[in-house]
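Visitor: Could you take me on a close look at one part of this protein, and show me how that part sits among its surroundings? I would enjoy a connected tour.

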Amino acid sequence: MVSPSASDRLLFEGGEARLDGWVVVAVEGGHRERFLHSQLTSDVEGLVEGASQMTALLDRTGRLQVFGFLHKRRDRIDLLVPEAAAGPAVAFLEGHIIADDVSLRLVETDDLELLLGAEAVRMIPELPVESTFPIEGWGSRGCVTWEPVPPRLSAIDDDELEARRVLSGIPRWGVEAAQGQLIHETSLVGPAMSLTKGCFLGQETVAKVASGRGPARAPVLLEIVAGDPIDAAGVAGEFAAEGQDRAGSVLSVTRWEDRTYLLASAVREIRVENRELDCRWNDGRSSTVKVRALPLLAAPDPAYWATRLQLRAVEAFSYDREDDAVKLLERAIAVCHDHADSYESLGVILGRHHRYDEAISLMQRLLVVNPSSIMAHTNLSLYYNRQGRIEDAEREAGEALRAKMNRERDQRQRAEALREETAATAADRKRRSEMFRQVLEIDPGDALGNFGLGELLVEEGRHVDAVAHLQRALRTDPRYSAAFFALGRAFEGADDPEAAVSTYREGIKVAAAKGDLSTANKMQERLANLQESDEG
C-alpha cells in the first residue's frame, strides 16, 4: 500500500525506480521528423528540441500497433516503447519507409532508471545528454536514464510505481492496450493524440469515432467507497451495474493513499465522472464505486508546482533552514522557468550572503523570461549598489521606474478593453435574445429557440423565467442534454435544489445514453455539489 505522503514526496523532492519492460528505439536520418509526424498520432513537428511527448502508432484502420514516449534530440528522435511491442513496431515503421532518409535501431542500454519529481527535474541538466530521456508520466515529471549514476533519490517501491502507472493512465501492454485494439478503447486518446496536427495513419477512423457517440467501451477508474472488501482475484472479469450484466470488465486493481481503485473498461452509460454506482462482481460480492476519470494522477501544472515549492522554501527560510530553502527554490525554477517569485526569493537569500554575482545572474535570467519585471530591475539596482557599481545601479533604478510606468499604462488599457468587451457582450446578448424571440413567435415550441432564450435568461439571472422556456424545450426534445444542464442551473438559481437534483439525475442518464459525456460530467459535478451542500 502506498503511504499518504507519496504525492508530496515527488512534489517537493524526488524518487527513482528501475523501469523494466521498456526499450529505447533511435530514429535517425534527414527525414526522421517528417516521417514520424506522418505516422504517429502526436504532433512531432510541433515538439521543440529537447522536449518529449506521449505518442502512438496506428494502422490505417485506427488500430493500435504500439504506444510510448517520443524525445526529440538535435540529431535523432528516441522512442521509449514497451519491449514486447518494439520489434513488430519497428518492422511496421520500416515497411512504410519508401524514399525517406530514415533508419531505426534498438539502442543498447543498461537497465533503465525512472527518476521522478522536483529534484529529478532539477537534475536533468547534470545527467549525460546521450542517455537521458525527459518524460512526463507516472503522475509527475522527470526522466529515464540508462547511464549508471549513483542513487541520489529515495526509492519508489514496486507498489507505488504500479499505482502511479495505473492512475496516470499508462496502459500495460498486452492487457490494458494491445496490438489491433482501437485506440479509443484505451487511455491513450487524450495524452498521446493530436487531433489538429494533420494526417496520420488511422486518422479517418479516429475522427469518425470522436465525432460520434464515442467508443462503446473505454477505460475509467472505479474508486471503492462502500461495500464488501475487494481483492484482485475476486473482481477480475466482467461486472454488473445500472441494470446491465456486462457493464464493464476489470483490468487492474491498485491502492493509493488508503483507497482502492479498479481500472475498468466500461460501457459509455456509466462513464460519468463522480457518479456513484452499485456494482456486482463475478464472485457475488458487491460494492458502491465512484467513477473517476483518467488520469487521476498527473504532473502538476508548472506554475502551481513552482508556487508550492516556493512557499515551502519561504517556510524553511523562516526557520533559518536556508540550505533547504535554496534547494527548494532551485527546484521551483527547474519545474517552471518563468516563476518570478522563485527567482526573487532565491536572489534575496543569495544577497543576504553577499553572493551578489549569483543574485545578479538570477535577476538577469528573470528578465529573459519576464522583460517587464519591476522587481528584477529593483533588485539589480540594489545588488549593483552593494558592489559599488553606482552607474549600473542608477541605470537599473531608471529601468525599474520605466517598467512601473509601463505596467500602469497597460493596466489602464486592459481596463478600457474590458469595458469595451462588456459592452459588446451585452449587445450580442440582446441581439441573440431578439433572434430567439422571433423564432418563438413563429413556433412557440421550437426546442432550439426555447433553449437559447432560456440559457440567456440563466446568464442574466432571470432564473424563474428561464425555467418555463427550458421545460418547453425538453417537452419538444426529451433528449436535449444541454437543456437539462441549463434547466438544472435555472432551478438552482431559483432556489429549488430538489428540482435541480431531479433534473440533473434525469439529464445525466439522457446524456450518457447518447454519448454526450462532457455534458453528463458537468451535470454530475453540479449534482455532487448540491448533495454535499445538503449533507452539510
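Guide: Let me start at the surface: in this predicted model, the protein exposes about 25,900 Å², and carbon and sulfur atoms supply 49% of that area. Buried residues also come to 49%, here of the 536 residues in the protein. The C-alpha trace spans about 80 × 60 × 55 Å along its principal axes. Charge is part of the picture too: there are 64 positive and 88 negative side chains, and the centres of these two sets lie 3 Å apart. The fold is built from 19 helices and 16 strands. If we take contacts between residues at least 6 apart in sequence, 64% of them join residues at least 24 apart.

With that as the setting, let us settle on strand β14, which covers residues 259-267. Of its 9 residues, 8 are buried, so "mostly covered" is a fair description under the cut-off of under 20% relative accessible area. Two strands pair with β14 in what follows. One is β13, residues 244-256, which runs antiparallel to β14 and is joined to it by 8 bridges. Within that pairing, Ser249 stands opposite Ser265 of β14. The two strands form a hairpin with 2 residues between them. In the turn, Glu257 has a positive phi of about 50 degrees. The other partner is β11, residues 217-227, again antiparallel to β14, with 7 bridges joining the pair. Here Val220 is the residue opposite Ala264 in β14.

For a second example of strand pairing, look at the open sheet of 5 strands, ordered β8-β9-β7-β1-β10 with mixed pairing. Its edge strands are β8 (132-137) and β10 (154-155), each of which pairs on one side only. Starting from the β8 edge, 6 bridges link this strand to β9, residues 140-145, in the antiparallel sense. Gly137 has Ser140 of β9 as its bridge partner. Further along the order, β1 (residues 15-18) is joined to β7 (residues 113-116) by 4 bridges, and these two are antiparallel. Gly15 stands opposite Leu116 in that pair. On reaching the other edge, β1 and β10 pair in the parallel sense over 2 bridges, with Glu16 opposite Ala155.

The helices deserve a stop as well, and α14 lends itself to a quick calculation. This helix has 53 residues, 390-442, and at 1.5 Å a residue it should span 78 Å; its end C-alpha atoms are 78 Å apart, so expectation and model agree. Its buried residues are Asp392, Ala393, Glu396, Ala400, Ala403, Ser433, Phe436 and Leu440. They pack against three helices: α13 (374-386), α15 (447-459) and α16 (463-476).

Let us finish in a loop, the one between α2 (32-39) and β3 (52-58), where Ser42 has its place. Ser42 has a relative accessible area of 4%, and because buried means under 20%, this serine counts as buried. Leaving aside residues up to four places away in sequence, Ser42 touches His37, Gln53, Met54, Thr55, Ala192, Ser194 and Lys197.

Notes
Residues numbered from 1 in each chain as written. Predicted model: local features only at pLDDT ≥ 70, side-chain atom pairs only at ≥ 80, totals over all residues. Heavy atoms only, no water. Buried < 20%, exposed > 50% of the residue type's maximum accessible area, 1.4 Å probe, protein only. Contact = heavy atoms within 4.5 Å. Areas by Shrake-Rupley, 256 points an atom, 1.4 Å probe, with all protein chains shown as cover. Lys, Arg positive; Asp, Glu negative; His and termini not counted. Charge placed at Lys NZ, Arg CZ, Asp CG, Glu CD. Pairing = 2+ DSSP bridges. Expected span 1.5 Å × (residues − 1).
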